[in-house]
Amino acid sequence: MSKIIINEQINSSNGKENINNKKAILKDNKISYERNGFIMKIIIDDEKIYVIRENNDVKINLEFKKDQSLTTKYIIKDMNTSVDLKTVTKKLSIQDNRICIEYDLYMNDKFSDNFEFKLEWRNL
């Protein structure tokens, strides 16, 4: 387990969100940190990235594999309900201590938005 510093950037049609110099934990292939009241887990596989965003109310599971469409779930805990999420990954880059994902997001088969997610990290 290593303590790291991350920089995260998310771009969408709703604007840009940045987190800079945030402390996180890197263990094996998983990065964990807190972001706006959510626990974030980024799991890096050889050709696939998993992003899990969870708080007391919801859990969002996203999966990304280059040039593929993958279906996961958006779980609303207090209503015991889930919504299908589909990611269409247009770009996926995993290099050293940097991840870049460009994707379209669909909720219940309806286009929601397109996103660009960037994450880079360094040792603390």
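This passage describes the strand pairing around β10 and three residues with positive phi in a predicted model.

Strand β10, which spans residues 110-123, is a good place to begin, as it has pairing partners in both β1 and β9. With β1 (residues 2-12), the pairing is antiparallel and runs over eight bridges. One pair that can be picked out in the structure above is Ile5, whose bridge partner in β10 is Arg122. Strand β9, made up of residues 98-107, also pairs with β10 in the antiparallel sense, here over 10 bridges. On this side, Cys100 has Lys118 of β10 as its bridge partner.

The connection from β9 to β10 deserves a look of its own. The two strands form a hairpin, with two residues between them. Asn108 lies in this turn and has a positive phi of about 50°.

Two further positive phi values occur in loops that flank β8. The loop between β7 (69-76) and β8 (81-95) holds Asn80. Phi of this asparagine is near 50°, a positive value in a residue other than glycine. At Asn80 the relative accessible area is 75%; the residue counts as exposed because this value lies over 50%.

Beyond β8, the loop that leads to β9 contains Asp96. Although Asp96 is not a glycine, its phi is positive, at about 45°. Asp96 is likewise exposed, and its relative accessible area is 75%. Readers tracing the chain will thus meet Asn80 in the loop before β8, Asp96 in the loop between β8 and β9, and Asn108 in the turn of the β9-β10 hairpin.

Key
Residues are numbered from 1 along each chain as its sequence is written. This is a predicted model: local features need pLDDT of at least 70, side-chain atom pairs count only at pLDDT 80 or more; totals for chains, interfaces and linings use all residues. Side-chain values use heavy atoms; hydrogens and water are left out. Two strands pair if DSSP finds at least two bridges between them. Helices (H or I, at least four residues) and strands (E, at least two) are DSSP runs, numbered from the N terminus. Buried means under 20% relative accessible area, exposed over 50%, partly exposed in between (1.4 Å probe, protein chains only).
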